[in-house]
Structure formats: C-alpha cells, structure tokens
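Q: Please take a close look at one part of this structure, the open sheet and its strands. Then set a few other elements beside it, with attention to what is buried and what is exposed.

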Amino acid sequence: MARKEPRVKEVNESDIEVKGHPKEWAAGIPAVYHSMKPAIENMGLSRALGATFKMNQKHGFDCPSCAWPDPKDRSPFEYCEEGVKAVTWEATPVVISSEFWAEHSLTELRERSEYWMGMQGRLTEPLYKPEGEDHYRPVSWDEALGIVADRLKALDSPDEAAFYTSGRTSNEAAFLYQLFIRAYGTNNLPDCSNMCHESSGWGMGQTIGIGKATVAYDDFEQADLIILMGQNPGTNHPRMLTALEHCKRNGGNIVAVNPLPEAGLKRYKNPQKPRGIAGKGTELADQFLQIRLGGDMALLQAISKRVFEAEEKNPGTVLDHDFLEKHCEGLADLKEHIMLLDDDEVLEATGLRVEEIDELADRYLRAEKVIITWAMGITQQKKGVATIKEIINLLLLRGNIGKPGAGAAPIRGHSNVQGDRTMGIWEQMPPAFLDSLGKEFNFDPPREHGADAVETFYRMHDGRIKFFMALGGNLISAISDTQFAEAAMEKTDMTVQISIKLNRSHLVTGKEALILPVLGRTEFDDQESGRQFVSVEDTVCVVHASHGGVEPVSKNLLSEPAVIARLGALVIGDRIDADWAGYEKDYDLIRDHISRVVVGCENYNERIRHDGGFVLPNGPRDSRTFNTPTGKAILTVNDLEAVERPEGTLLLQSLRSHDQWNTTIYGHNDRYRGIKGGRHILFMNSGDIEELGLADGQQIDIHGVYKDGVERVVRNFRVVSYPTPKGCVAAYYPEANVLVPMDHVAEGSNTPVSKAVVVRVEPAAQPASGPEDKMRRTPASA
C-alpha cells in the first residue's frame, strides 16, 4: 500500500501572482475542489473517500486539525477544506525510503522549506543521528528506545530534561506521557498551549475559575449576537462557518473585530446547501470593525463604559443586577475605573470612529444572549490576559454567562490541545491533580513548577536543559525568535522527536538526535487485545472517541501510547504501580486510570463508548458556579496600555495562509487573500507604502526593532498592497517568527507576542538569488 514517488520540487517564488482584492466570501464549490482534488491525487480515490467520510463521525476518527466541535446530528460531509488537507497530509501512502537518509545530510536538508519536507512522505523507521555526524541512519526500535532510556538515566537531574507535547496527541497518549515524565521526576512539560491559548487559560481562570469555553455547540445558533475577535474562521476553523450561518438564519447578529477583512468573516457559501452552490450564500458579519493591532482591550473597555452609561440613564434596566449580586464581585471598582476611560485614547488605540463603537455598543445592549469568541489574534498580544479579562467583564455585566445562547468561547486551534491540558500536560498542574496521580500510582509526583515553552529555550541556552523530547509538533518552527531558538536547541546533548512526517525540528538537533515514527490518528491501531481507539476533547468540553479509518502506511510504526509505554518500562519500571506492558496492549487500562485521576472523567470507558461521548463539567456554564477563592466571578480592573510605535516603524502581525495548518505548509497559495505561488509576502496599507517611498510589488527587508542589540531581519519579501489598518502590516508564520524576540511575551501567560511586533521596512539590500535564497528562511546573524 505504501509507495515511493518522485520528490516534489521547491516552489519558485519568482512566479508569484497577486490576484487583486481579497475574496468577499468563503467555502462554496472551490473549497470542495481544492480539498478533494489533492486528496484523490495523493491518496487515491478509495483511500481518500474512505478517510474523508469517516472524519468527525461518531464511529470514525477525529479531524487532526482544529478542535471545532461536532453537531449532534452531523451530515456525512462533516469536514472542511482544512480538515481534508490535514488528512491528505497525514494519510498519504507516500513514504520516505531508507536510502533518503544516506542521500541527504542534515546540512543540506536545512536549506529546504517546510513544504518540501512535508511532501517527502511518511516516516516509517526509527532514525538515529550520532554525535559528530550529519546524517540520520535507520535503527531498530529496541536500539532507538534503548538510547533514549540510557540518556535519560545518565542525566544528573530529571530537571535537565524537557518534554514537549503537540495538540494532535490523544488523551490516552497525553495522560501516559505526563505520568512517565512525572514518574521520571520533573514538571518540565512545555506544550503548544504555551504559545496559543495560555492567555485564555490565565484570563478566564482568574475571573471565572475555568480556562475553557462556557458554551455548548448549540449555543451558537441560539445567540442574539456573536462577537468574533482576532480570528479567521474561513481558514483556521472553517466548520465554524456553518454554526455562524445557523445563528444568522435564526435571526442573530454577528460582529467581526479583526485587523484584516477576511473572507470567512463576510459571507459563507455552504457547499452542502443549494444557496451555497447556486446562490449568494449567507452574509455573516453585520458589522466589521477593522481594528488596529493591540486595540482590542480599548474597544472592550469602551463598550463596557457605554453599558454603565446606559444603566445610569435607565437605572435598573441595563445591568443584570440579580446575576451580579448573586454571582459576581468587583462591580463598584470596575465602574469607577471604566468611567475614567479617555475616549480619545480609545480612538487612537483602535483606529475606529466613534460611530462604529457606538453601533457595537447598541448591538450589545439590545441583545439578550451574547457570545464573545476569540482566537490567537487576542491571546498573542502583550495585554492578551487583560484583554480576555475585559471580555469576561463585558459578558458578566449583562449576565451573559451560564444561560443558553451566551458565554465566552476561546476557539482552540489544535485538535486536542484542550484535552492534553485536561490530562495533565501542563508545567503548573494544581496540587489536587498531583495528589490524585500520586495516590493512583503510589509515588510522590514533583511539585515544583516546570519550564514552559519559552523558559525551556532559555534553559537550553544556559545548559540547564540537556535532553529534549517532543511528542508530535514542530516546536523549532512554532516558537518565536528563530535565531535564538535554533542556537539553544543545538546546545542540548540529545533531541528526540516522536513524529509522523519530516519537519525542521528534525534538522535542528542536539549533539545526538532520534526520530521515532508513529501511527497517525487516521490509521487503524491494532494491538494484542484487538483494534484500539483513542479519545479527544473539543473546544466546548465534549470528550469523544476517535477510531482510525485507513490501513497504516507501514507495519513498522508504533502508536504513541506504545512508544511511551515502552519507554516507561525501560526508564521507570516498577518504581511506580504502572502496568507499562498492559497499556500498550489495551488502552482501556489507561482510561481506567484516567477515570480515577481526572475530575469529570469518572466511568471513562463506559461513557466514551456512548454515541458522541460525554461532556466534562463546567461550573460557569452548567450552574453559574465559579471556582475562585470567593466562589464568585470576579470583575477585574485592568489598566489600558498603548502599543508604542516609534516614528518610521510599523506594527507586524503574523498569520497563517489558507494553504497551511500551524507550521505545516500544504502549498504556496492563499486563495482568499489573492496570493498564488509565494509566502514571502508583507501585506501593507497603501498609505504606508507611499509614505515610506516604496512600491507595490517591491522587494524589501523587514527589520525587527527591539532594544536588546540583536539584529533580527528577514530579507527579500514582496510588498503587497492590502486593506490593512494604517500602521499595521502582516506576514506569514513561521517565516516572520525570526522577528519576535524570545522575551517579547504576554503579561501573565508568557505567550510569545506575535500580534504587535515593531518593525522597520526598507528596500531589499540585495536581490533575491532565486527560490533557494536561504536568507528568506534563516535569520540574520547577531
């Protein structure tokens, strides 16, 4: 079934095309074409259809891309363009041959793009790079796992190791992984949440006592008003468009707050409905607020001020006094603070007109049921935590938490990032979880907080972390400050990647390196006790099963739980009460432990087998109860802070193209933004282009402006005139990560700030040398 094919060529960006203005609508027949055509070409008709029609079904597998929830009554086509691309990427029958590693050195491979690497096919054999060598070589599973065990046992302290987790990881693998790590003796558990929704966890946890959405799937269609902030659902979670369409069809209103006019915020052509095929589709946003980068907090405070002013004009009719009195605290302090808000400061920060803010306030005041939903456009700001607290403030003022059609909805960007955290993947798990874990397995877990993603790189750089293991993901491309991060990773003694396909994290290594190839979520997982399934948690706290749907590309692949269980047996053994061999044979044994350790997961094995799974408890949503010190939701006072932009500079945000998922690049097109054949793009306001003496289409260099004395620059990007806010520019991630300093992080959450980076744009210092121009992909020297 596996096959080898001619290698894909790098994209020649000299052929880039810019197709005028951005699209005015998302999905429709083009989405079907652009998803199914490559699926059939890359997987074959039978495998493509078998995979897509099992995706997101009750007895199929969960989509390996985003964490958007599934409706109770789902259609056979419960998938989207991005989901099909993710499945095509994972379930491809193309494999990397053993000869590949002799043909290509790591030095050579580092010059390749993420797109080229991903297109080489699936990894099917363990690979080892010895110290001092520049090539991987195939090794047996026993040899590979033995090397890992030996290196871990040789460390002077468990805290000299760090263990990363990707959001693709299942609940079973995540629980077993954190057990192995804590039994080993450390809480160094960085994960992808550190870089995406950590701000949501902190902002919500400190105000309502839980860092998860307080809504269910059905609440979206019941809402009177949905405010979407800092997100692009048409590209990042397209199935959300159907829920938004249901809201509009039921008479609800939608307001989009975003720096760019994304197609998925405007109009949706549902390819499963006649109106989405032959008609104009559904207009989504009733109001679009094109906000400046970093202005969201000011906007939210301005709306709250108008709510207080409306209450003063009509006492007792605007605020939900009964809810506030019974369930909240801090109202008086919030009102005193908000009423002092400087209106001119708000206009400067947001770039909006008074009339636009008044309109949004009027919509909020007229709506009885309001959902505010956000993504990384909010969380990756310096004031991301405080901005989320302001979202909670605004919702609480009118009782928009804990009732149908209302609530707070952070949209998780990865398929099981929320489940990983529930299972214990966090460097700061609370004592109650650690107590329960220790009791279940008869050991004393470490209590000192471990290193998050950013701290891990500082400790690598200082020599305090010498061993790094990643369960999925591509951390070296995902993290900020590429130059610093790569130098830090290369200082480690060993790096281990548990992976499906080749990426840059396999090439930027410690002195020794291992790649351990595993099954994908799409594939059958047959163990000694029979065919296994895993489970995941979506963004609205529903836990459900995921059954592989296609044959594995190789019989040599292990599952993630199997790799962890074998390492547990080698490294931990009988130091704790764990049946490592049994966990590989039968995942029910893992779920039995979960049921006794994780609150809300009681009777896990029984409930996970119900159609649709089960819903985890959520106090704010279920009963208006709040796990805070006083048992009440907390209205908070947050000081507004303007984002400083020195003269001659611009504010940069990084974003995804339509042909990528996180660091995985499916192609070099961005259909909705009108880009074909390139990624080294800087979207600029036409006024800024003119003021800086540049021209649309010109080659430029982008310099980071930061006061640490380090030169950060990416070269030979192309200027694209685009409807961005004045003073704000945008470039693709991960190419722009070079420009984000490692210590440029959100206050409180330590999340890298990728949404307001001060940059300077200059004409290119040297012409591009063609598609292999490495200055486009690697940072300048300090």
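A: What follows goes through the open sheet, and then through a helix, a strand and a single residue elsewhere in the chain. The model is predicted.

The open sheet has 6 strands, in the order β4-β3-β16-β15-β14-β5, and the pairing in it is mixed. At its edges stand β4, residues 137-138, and β5, residues 161-165. Each of these has a single partner strand, so one side of each is left without a neighbour in the sheet. In general, strands of a sheet pair through backbone hydrogen bonds, and the pairing is either parallel or antiparallel.

One pairing within the sheet can be followed down to residues. Strand β3, residues 127-129, runs antiparallel to strand β16, residues 512-517, and 3 bridges join the two. K129 has A513 in β16 as its bridge partner.

A helix is also placed against this sheet. Helix α8, residues 171-184, lies across β5 and β14, the latter being residues 467-471. The helix runs at about 170° to β5, the strand that also stands at one edge of the sheet.

Burial can be followed first in a helix. In helix α2, residues 45-52, the buried residues are R47, A48, A51 and T52. Seen down the axis of α2, these buried residues fall within an arc of 115°, so they line one face of the helix. The face turned away from the buried side carries L45 and S46, which are exposed.

Strand β31, residues 728-732, gives another case. Here 5 of the 5 residues are buried, so β31 is largely enclosed by the rest of the structure. Both of its faces are covered: C728, A730 and Y732 are buried on one side, and V729 and A731 on the other. Strand β23, residues 650-655, runs parallel to β31 and is joined to it by 5 bridges. Across this pairing, Q653 stands opposite A730.

The last item is a single residue, I391, in helix α20, residues 384-397. Its relative accessibility is 0%, and buried means under 20%, so I391 counts as buried. Leaving aside neighbours within four places in sequence, I391 is in contact with M229, L300, I372 and W374. I371 is 20 residues from I391 in sequence, and the two are 10.0 Å apart in space, C-alpha to C-alpha.

Note on methods: Residues are numbered from 1 along each chain as its sequence is written. This is a predicted model: local features need pLDDT of at least 70, side-chain atom pairs count only at pLDDT 80 or more; totals for chains, interfaces and linings use all residues. Side-chain values use heavy atoms; hydrogens and water are left out. Two strands pair if DSSP finds at least two bridges between them. Helices (H or I, at least four residues) and strands (E, at least two) are DSSP runs, numbered from the N terminus. Contact means heavy atoms within 4.5 Å. Axes are lines fitted to C-alpha atoms, for helices over the stretch in contact, and angles run from 0 to 180 degrees between N-to-C directions. Buried means under 20% relative accessible area, exposed over 50%, partly exposed in between (1.4 Å probe, protein chains only). The arc is that of the directions from the helix axis to the C-beta atoms.
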